[in-house]
Amino acid sequence: MSKAMDTDVQYLPGVGPKRAALLRSELEVATVGDLLHLYPFRYIDRSTVQKIADIHPDQAYIQVVGTVLKVRLFAKNGAEITSEQVRYNLANRLSVIIGDDTGEMEVVFFKGVKWMHARLVPGKTFLFFGKPQTFNGRINMVHPEFDAPESAQAGVLTGIYPSTEKLKTGGITGKVMLRLMSAALELVLPTLEDPLPDYILQEKGLVPLSFALRQIHFPADQNALAKATYRLKFEELFLLQLSLLKQKYVRSRSAVGLPMPRVGEAFNRCYESLPYDLTGAQKRVIREIREDLRSGHQMNRLLQGDVGSGKTMVAVLSSLIAVGNGYQACLMAPTEVLAHQHFNNISKYLAPTGVKAALLTGSTGTAARREIHAGLEDGSIGLIVGTHALIEDTVVFKSLGLAIVDEQHRFGVDQRARLWAKGAGGIPPHVLVMTATPIPRTLAMTLYGDLDVSVIDEMPPGRKPVQTLCVGENKRIAMYNFIRDEIAKGRQAFIVYPLIFESEKVDYKNLELGYEEVIKQFPEPQYHVAIVHGQQSAEEKAFHMGAFVAGRANILVSTTVIEVGVDVPNASVMVIESAERFGLSQLHQLRGRVGRGAERSFCILMKGYKVSKESQKRLDLMCATENGFEIAEEDMKMRGPGDLEGTQQSGLPISLNIASLARDGLILSDARLYAEHVLEQDPALEKPGNTSLAAELRKDKYVRKDYSQIS
Ligand code: ADP
Ligand code: MG
């Protein structure tokens, strides 16, 4: 874009080094371009003037025309002072009572008191503009702007920009901001270049950038604002998709993949001995993976599937394809509990194949570890299951061909990169990333825009719906009785406590108190209660977990360590304590632990006395639906995509400025299709009509690490 955009903001009229420093530290605005890309988060219709009687404190900014009735000055200590004393700067507060034909209200000033006092003369009428609030039970406005009453303009929308206390005290008020925007536009518009070529503006019916920038800051009317907003959102999402798809295109042409042309004996034997038929979705996904593996290009695939959709089976069969072609496979899980469980399940499936599997975790003993290292190096171990222990430098494969990562969001980028470096002959292994956090389509398209995505959108048959209910403390006794009934029928129950920071001791109090209470309610020898949490040693954890999995313990009290993957089909009750403290997708994950067996299952959300509106909405949604994707969409709407659980670490490839993944799904889909269309015509963006696009994609924010190495 133009040079003017790159100008340091301090050279804008009215800025200077001091204000420039403020803009930088408070708003991350360094250049004129940054400033112009700081859009109003709201607009105020300055043509509306309110009556005092209609004002209430939860209104945003309002305008009111009032006549000054009474002016009083107060010193710091609260004592009233005279206007004489103001001259000596003793005054600390100016209180002005204004009135219109419906009532009276107070406006208050703490700064520039002398100046205000000189102008707000009783009998004069002004247009006041500010945010109403309550103080001592009465409505007032602090530091409103004020002007001549006729300055209320018909149909003018005034932008409100993000602001901070420091900006305001530094003199960068809303009004000043508007002046800066105006100066910035004046500087930039004459030489502004549009990154979107004319043909795109025409085909998509978009307004030019110059129009969009002017109207987003100074809308002529609602219609012009809507056009400007749409154009800027489309541009943002289109360029993002274009960059992602272009990278994907480049990679799919260049990244060499280990050749795996066969399915192999092991795959067939395992497949034939499965105790059930694969679901249609599982079959489809395995076909997709098989195609990738024999394509000669490196696979980079994300496998999404709701809790219980049967991803493990897909992992096993994929691994066996690798083994059938003379390679090894590894499956990395985020927790020890889960790695153990995977290993136990997988060993069963592998039994008829003769393929050797092993388990490597942080608590594998030295002797066993040495043996496993040797087995990996000489190739006798075909499939290794483990935790982070797998990425240690001491782990060397003979010929790693496929790396599967379960619940990928728990791994850092660096950790993944270390695993990819272990590929056979220095070629990165094929990569399958599995996640049970259903990611809304719009988010997946952006987060993983350069990966291929497979979705298991079908549950294995026989999964019963889980009945979910949300109750308060008054139902606690009933809840315990309900668990007793279920135990009497031979079932088991989970009781989960919130523990947001596994490392923080304070949170354990809840869990410990809860455990004591549960033991009192379910005493030995009639009952047996197991407990699992993050501060136990691996042996302790395995012991308790084992007791529950084997059915020796009736109840498992735990923190969210059981969230991921634990499979106990006989468990029919999931109680979630202080459910209001959990996020939606976490609740969904937890609920997915039950309903896996043939029995009817229940999820009981225990809520505290004080539940915020937001939390109640989450709990209501949990009771209303079991659809993980629906829940994920809602979660994103409620929390915003940056916050979406499970995605914080992967993060958005670039931060969005105006578009929202939660709200602008339609624009995003359209932008993606259109980006595909543009790249089909001109894959390398070399045609003369696309030079501005190519130049835009060379900017820092679009140039990122090669995701084939890290995702
Ligand atoms: P995920 O990892 O996707 O949450 P799992 O792989 O743990 O799910 O599978 C959940 C349960 O469903 C397991 O007990 C598994 O044995 C079973 N399962 C998987 N695929 C099928 C199928 N096609 N038919 C019946 N049961 C299946
Ligand atoms: Mg799983």
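A crossing of two helices is called right-handed if the near helix is turned clockwise from the far one by less than a right angle, and left-handed if the turn is anticlockwise. In the present structure, which is a predicted model, helix α11 passes helix α13 in a right-handed crossing. Two packed helices are described by the angle between their axes together with the distance between those axes. For α11, spanning residues 265–272, and α13, spanning residues 311–324, the angle is about 150 degrees and the axes are 7 Å apart. Because angles over 145 degrees count as roughly antiparallel, α11 and α13 are described as roughly antiparallel to each other. On the side of α11 the contact involves A266, F267, C270 and Y271, and these residues meet M313, V316, L317, L320 and I321 of α13. The residues of this contact comprise nine that are nonpolar, with no polar and no charged residue among them.

Helix α13 also packs against helix α14, which is formed by residues 336–350, and here the angle is about 55 degrees, with the axes 11 Å apart. An angle of this value falls neither under 35 degrees nor between 65 and 115 nor over 145, and α13 and α14 are therefore oblique to each other. The crossing of α13 and α14 is right-handed. The contact is made by T312, M313, V316 and L320 on the α13 side and by H342, I346, Y349 and L350 on the α14 side. When the residues of the contact between α13 and α14 are divided by character, six are nonpolar, two are polar and none is charged.

Two residues of the contact between α13 and α14, T312 and Y349, also take part in the surroundings of ligand 1. A polar side-chain atom of T312 lies 2.7 Å from an oxygen atom of the ligand, and an N or O atom in the side chain of Y349 is 3.3 Å from an oxygen atom of ligand 1. The backbone contributes as well, in that an N or O atom of the main chain of T279 lies 3.5 Å from a nitrogen atom of ligand 1. In total, 17 residues surround the ligand, and the closest of them are D277, G308, K311, T312 and D567.

A further helix pair is formed by α7, residues 174–188, and α9, residues 209–217, whose axes come within 10 Å and cross at roughly 165 degrees. With such an angle, α7 and α9 are therefore roughly antiparallel to each other, and α7 passes α9 in a left-handed crossing. The contact is made by L178, M181 and L185 of α7 and by L213, R214 and H217 of α9. The residues of the contact of α7 with α9 divide into four nonpolar, one polar and one charged.

Two features of the backbone were also noted. Most residues other than glycine have a negative phi, and most peptide bonds are trans. E28, although not a glycine, has a positive phi of about 55 degrees, and E28 is placed in the loop between α2 (16–27) and α3 (32–36). The peptide bond that joins E524 and P525 is cis, with omega at about 0 degrees, and P525 is found in the loop between α19 (508–521) and β20 (529–532).

Notes. Residues are numbered from 1 along each chain as its sequence is written. Chains are lettered from A and ligands numbered from 1 in the order in which they are written. This is a predicted model: local features need pLDDT of at least 70, side-chain atom pairs count only at pLDDT 80 or more; totals for chains, interfaces and linings use all residues. Side-chain values use heavy atoms; hydrogens and water are left out. Axes are lines fitted to C-alpha atoms, for helices over the stretch in contact, and angles run from 0 to 180 degrees between N-to-C directions. Helices (H or I, at least four residues) and strands (E, at least two) are DSSP runs, numbered from the N terminus. Contact means heavy atoms within 4.5 Å. Ala, Val, Leu, Ile, Met, Phe, Trp, Tyr, Cys and Pro count as nonpolar, Asp, Glu, Lys and Arg as charged, and the others, Gly among them, as polar. A residue is near a molecule or strand if one of its heavy atoms lies within 4 Å of it. A polar contact is a pair of N or O atoms within 3.5 Å; within protein, one must be able to donate a hydrogen and the other to accept it, and residues adjacent in sequence count only if both atoms are side-chain atoms.
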